[in-house]
Amino acid sequence: MIRLELRNVSRTYHLDEQRIPALSEVSLVAEAGTVTVLVGRSGCGKSTLLNLAGAMDFPDSGDVLIDGQSTTGLNERQLTELRRNRIGFVFQSFQLLPTMTALENVELPLLLARKPNTEKIARERLRWVGLEGRERSLPHQLSGGQMQRVAVARALVQQPDILIADEPTGNLDTASGGDVLQLLQRAARELGATLLMATHSAEAAAIADVRVYMRDGSVESIQRNL
Amino acid sequence: MSVLFRTLILRPLRNDLLRSLLTLLAVALGVAVVIAIDLAGDAAAGSFQSSLTTVVGKVDLEITATGGVDERWIGKLAALPIIVRFAPGMQAEVKIEGVGFVTVYGIDLLGAEQARGCGASPALVTKGISARLANRFFINGYPFCKAKTIESGEANFAVIDIADFQQALGRFGKLDRIDVFVEPGEGFENVQRQVTAALPAGYRIARPGARSDENQKMLRSFRWNLRILSYISLVVGAFLIYNTISISVVRRRAEIGILRALGATRQAVLSLFLLEASMFGLAGAALGLLIGRVLAVTMVGLISQTVHALYTSSTPAPIHLGLLDITLAFAAGLATALLSAWGPAREATRVVPMEAMGRGSREVRVRLRLWKNLAIAAVLAVAAWAASLPGPVDGRPIFGYLSTVLSIAAAAMSAPALVAGVNGLLRAPLLKLFGVEGLLASRGLSASLGRTSVMVAALATAIAMTSSVGIMVGSFRETLLLWLDGQLRADLYIRSAEPSSAGEFPPIPTAVIPRLRSVPGIADLDIFTAFEFHYQGQRATLGAGDLDVQRRHARLRFLSGDHDAILRSLSHHDRAIVSEPFSEKHHVHPGDSIAVDLGEHRVALTVAGIYYDYSNEQGYVIIDRTTLLKYLPDQPPTNIAVYLKQGVDKDAVRREIEERTRQFPISVAPNQTLRQAAVEIFDRTFAVTWALEGVAIFVAMLGAANCLLALVLDRRREFGMLRYLGAATSQIRRLILVEAGLIGFFALLLGAALGLVLSRLLIFVINKQSFGWTIQFHLPVAALGGAMLLIWAVTVLAGLYPARVAARLKPIEVIHEE
Ligand SMILES: Nc1ncnc2c1ncn2[C@@H]1O[C@H](COP(=O)(O)OP(=O)(O)O)[C@@H](O)[C@H]1O
Ligand SMILES: [Mg+2]
């Protein structure tokens with residue numbers, strides 16, 4: 001089942017007078033429960049593509065389709081609903097709130113969406129990422145790998161259909177990076193999420209079902225591991 | 001240094017233009033208020049100088065006496081072997097048809113002016129009224145003609161011959177003063193010695209400037225208190241500069257670290273941030289001068305009305321912005337800036353080279369300092385209490401002011417602990433009440449505890465000052481109303497129609513009394529004579545009334561002793577009662593003897609009691625009418641209180657009195673009118689106070705907006721991240737508003753507590769020592785609660801713009817910023 005599709009997507013940034021073409025004519029398809037990894041040098045447009053796919057940004061031309069529906073046509077309220085229920089994000093720099101405990105950080109998306117039973121669900125997700133017993137720890141009391149696992153739990157707490165990870169292992173050593181990658185892969189396999197991940201590490205690329213090689217805002221080639 | 005300054009200070013200031021402007025405006029307003037009060041105070045107190053100088057020339061000495069100078073002394077003094085000219089002087093406010101009330105002076109018009117016959121008595125009039133005056137005009141039916149128009153700047157008056165003055169006003173025998181002109185070649189000291197020796201003990205001889213000095217001295221407490229109030233906004237502004245510089249330092253920690261690594265000295269870093277503060281101070285002062293000059297114009301009217309109603313007559317002088325004021329403005333701006341920036345600037349020098357410490361650990365350090373700050377707060381509070389104990393220094397409540405400053409400092413030092421503590425307690429209720437926004441707001445504030453506390457302290461100071469002044473004024477008003485109830489017991493009050501300011505008591509023609517006595521329905525008349533007198537070089541009011549009537553009708557409240565017994569003991573004796581302010585000012589107690597000049601006599605009066613009075617800061621000495629008549633038999637009454645028989649129609653009697661005394665320039669007013677007038681004067685007196693409070697609150701609001709804006713900008717990555725996690729823009733907006741509300745709430749808690757302390761200081765220490773009156777403490781709960789709610793609402797309003805900024809942040813742009 002095709003969950004996410006980019007059709008001839010272009011995105012140009014405008015800095016003062018300058019035009020910076022970040023993506024041009026990119027097309028891509030990601031199916032449910034698969035892992036798609038974007039590979040390419042820094043500045044080639046990976047983050048831009050992820051923001052478009054996560055409906056945080058919109059193309060200048062072309063379409064981003066989630067379950068066949070274009071993100072461009074959605075209003076602010078529908079977009080918020082989309083982000084709350086169907087998309088989860090993991091960032092390179094974890095982006096945990098330093099004054100909140102691990103549990104509260106995971107609870108946060110549920111609280112924002114005004115869902116019930118937030119604490120119970122969040123506890124389960126923390127257990128799922130292997131952090132049972134660390135619920136009350138503050139971020140600065142956790143290691144980098146643990147922090148990123150909290151971030152993964154947070155991204156998955158709403159059972160999103162699409163999980164977007166922008167260089168999730170970029171700030172981690174190889175061992176804890178491996179743990180995080182394993183979690184992300186499990187998310188796709190066990191929870192059926194469509195994982196879209198940007199990376200330039202070989203280890204990260206290894207878990208891919210589909211590898212997308214990018215260069216200067218274009219897709220150079222696509223390689224499927226079937 | 002200049003490169004450093006440009007990159008580290010100027011560029012961030014420019015990038016954060018709105019916040020820079022808010023800080024600048026806050027400082028400017030603080031300085032403006034100080035300048036405005038000073039300028040307006042000077043102008044209102046300014047011209048006590050007699051406008052007559054232009055006509056008669058410079059007077060060398062002035063002879064005055066309580067109840068007037070006997071005119072025969074001119075002849076007696078002229079016989080002294082000195083080369084001196086003595087001239088009589090009288091003055092009154094007189095109604096002239098078509099012009100209204102005009103000050104009329106009676107002097108010895110020189111022959112030349114006399115000769116210019118115009119068919120009636122000659123009058124010299126100033127340019128301003130000349131245009132509105134017919135060639136021939138009347139004063140109390142007595143004809144005058146314009147003999148000459150004189151130039152006299154702003155002042156407007158008429159000058160007539162002393163003999164015509166006495167005829168027209170029916171005031172014979174007594175002069176207001178004798179002016180002494182010492183001729184060239186005669187020794188000044190010699191004249192003063194010989195004249196003093198010749199005059200009776202009760203007469204005063206002084207330089208004319210002395211009155212001006214007295215006025216300044218009399219206004220001193222009043223102006224001091226205004227001036228102190230005007231510094232509130234500056235204090236609040238200081239918190240703002242502190243905040244701005246702290247934010248600068250925190251934001252530029254990394255840059256400072258790099259600079260230190262590249263060889264910048266601690267000294268350079270320190271001066272860099274002090275320079276930034278000085279820029280705010282100096283630019284704020286310059287802008288403040290301009291605003292202050294404009295504000296002064298509106299304030300001078302209010303202040304001179306108060307001076308006129310409570311102290312003495314004066315014509316407002318033009319506002320003059322002198323070098324001294326300019327210096328004051330820049331000194332105030334610079335001092336505020338440097339003092340408040342010193343702490344954060346020192347903090348900047350402690351950044352070690354290449355420091356890469358995150359903000360988190362910094363806030364942990366703040367947490368560790370909580371207990372230390374709390375201990376300091378306790379020490380300051382004890383010091384504040386100790387400073388509230390000593391008496392005044394040279395009539396000024398210096399220690400009272402010190403205690404106020406120490407209390408504010410104690411509150412400021414306890415702010416972080418309060419914020420942290422209450423914030424902790426509020427977590428669960430906030431989550432319940434505001435959902436996740438409440439939780440995030442509470443965490444957000446504890447993450448920036450240091451900065452939040454400063455803002456809370458600033459707001460709390462403004463709130464405390466406002467509420468304490470509110471409590472003081474409210475208590476004072478309540479006390480005044482109660483006092484008026486006891487004081488104003490008569491049904492009707494009669495006085496001269498001539499307008500007068502405090503310290504002036506125009507006489508009622510004696511012929512009015514028999515006519516009054518013939519009006520049916522009147523039970524009692526209290527004939528009262530008031531005049532200004534000097535006691536130990538300071539002015540006060542001497543009053544003589546029928547104390548037996550007073551005893552039966554009115555209820556004076558005495559500090560101690562039996563009301564009836566005290567009042568009974570006065571009749572036919574050299575005994576007096578004095579008001580509380582008089583007793584405080586001159587350290588007079590019951591049983592003491594005070595020397596008072598009555599006409600030509602110096603009389604030793606025994607103080608029988610001290611009564612509460614709130615009408616006059618200079619104080620009253622009251623004697624019985626019988627005692628007055630013994631020394632000053634011809635003294636006309638100045639006020640008559642009319643007590644009616646039971647069940648008589650007040651308005652009918654009033655009309656009857658007016659009918660029978662129509663030819664006399666007097667006014668008859670019912671009880672309520674006097675009461676209302678007293679309350680109006682009171683309210684007007686404190687109008688300036690309220691204006692000052694308003695500015696302080698406004699400055700605090702600028703601070704709140706400024707602080708919230710900084711919080712938003714520093715936490716933009718967090719807001720971006722929240723959007724990624726599914727936060728709607730409305731939730732971000734709400735989050736900021738909840739934070740604003742929380743800051744306001746903490747400030748209200750601290751401000752209310754501090755306000756109660758300050759109000760007690762104001763009432764029982766500062767006011768008592770400045771003005772001498774005992775005010776009953778009274779908490780105007782409803783008004784205070786309303787004001788607090790309003791302040792809170794405005795704090796939340798101050799969060800609106802920052803909330804909008806936060807909601808408009810583009811998540812993809814802010815999320816990756818480091
Ligand atoms: N907000 C922005 N404004 C202007 N240019 C941007 C912005 N974000 C990214 N770019 C530019 O777009 C290009 C692609 O960036 P990005 O998608 O972040 O690449 P990657 O994630 O692969 O490193 C780069 O040249 C980058 O400088
Ligand atoms: Mg990137």
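What follows is a dialogue about a predicted model, covering a ligand site, a sheet and a side chain.

Student: What makes Lys46(A) a polar contact of ligand 1?

Tutor: A backbone N or O atom of Lys46(A) lies 2.9 Å from an oxygen atom of ligand 1. The cut-off for such a pair is within 3.5 Å, so the pair counts as a polar contact.

Student: How do you know that Cys44(A) also qualifies with ligand 1?

Tutor: Here too a backbone N or O atom is involved, 3.3 Å from an oxygen atom of the ligand. That is within 3.5 Å, so the pair of Cys44(A) and ligand 1 passes.

Student: Which part of Thr48(A) faces an oxygen atom of ligand 1?

Tutor: The side chain: one of its N or O atoms is 2.5 Å from the ligand oxygen. As for cover, ligand 1 taken alone exposes 550 Å², and the protein buries 68% of that.

Student: Which residues make up the surroundings of ligand 1?

Tutor: Among them are Tyr13(A), Ile20(A), Ala22(A), Arg41(A) and the glycines Gly43(A) and Gly45(A). The shell divides into four nonpolar, five polar and two charged residues. Gly counts as polar in this scheme, so Gly43(A) and Gly45(A) fall in the polar group.

Student: Which element gives the largest share of that shell?

Tutor: Helix 1 of chain A, with three residues. Strand 2 (18–31) and helix 1 (46–53) of chain A each supply at least two.

Student: Why are strand 16 and strand 20 of chain B said to stand at the edges?

Tutor: The open sheet has nine strands with mixed pairing, in the order 16-17-15-18-14-13-19-12-20. Strand 16 (593–598) and strand 20 (666–670) each have a single partner strand, so one side of each is left without a neighbour in the sheet. Neighbouring strands of this sheet are turned by 30 degrees against each other on average, direction ignored.

Student: How do you know that strand 13 and strand 19 of chain B pair?

Tutor: Pairing needs at least two bridges. Six bridges join strand 13 (residues 522–535) to strand 19 (residues 639–644), so the two strands pair, and they run antiparallel. Leu525(B) stands opposite Val642(B) of strand 19.

Student: Why is Asn423(B) called buried?

Tutor: Its relative accessibility is 1%, and buried means under 20%, so Asn423(B) counts as buried. Asn423(B) belongs to helix 16 (residues 398–434) of chain B.

Student: What makes Asn423(B) and Ser442(B) a polar contact?

Tutor: A polar atom of the Asn423(B) side chain lies 2.9 Å from the backbone oxygen of Ser442(B). That is within the 3.5 Å cut-off, so the distance requirement is met.

Note on methods:
Residues numbered from 1 in each chain as written. Chains lettered and ligands numbered in written order. Predicted model: local features only at pLDDT ≥ 70, side-chain atom pairs only at ≥ 80, totals over all residues. Heavy atoms only, no water. Near = heavy atom within 4 Å. Polar contact = N/O pair within 3.5 Å; in protein donor to acceptor, adjacent residues only side chain to side chain. Areas by Shrake-Rupley, 256 points an atom, 1.4 Å probe, with all protein chains shown as cover. Helix = DSSP H or I, 4+ residues; strand = E, 2+ residues; numbered from the N terminus. Axes fitted to C-alpha atoms, helices over the stretch in contact; angles between N-to-C directions. Buried < 20%, exposed > 50% of the residue type's maximum accessible area, 1.4 Å probe, protein only.
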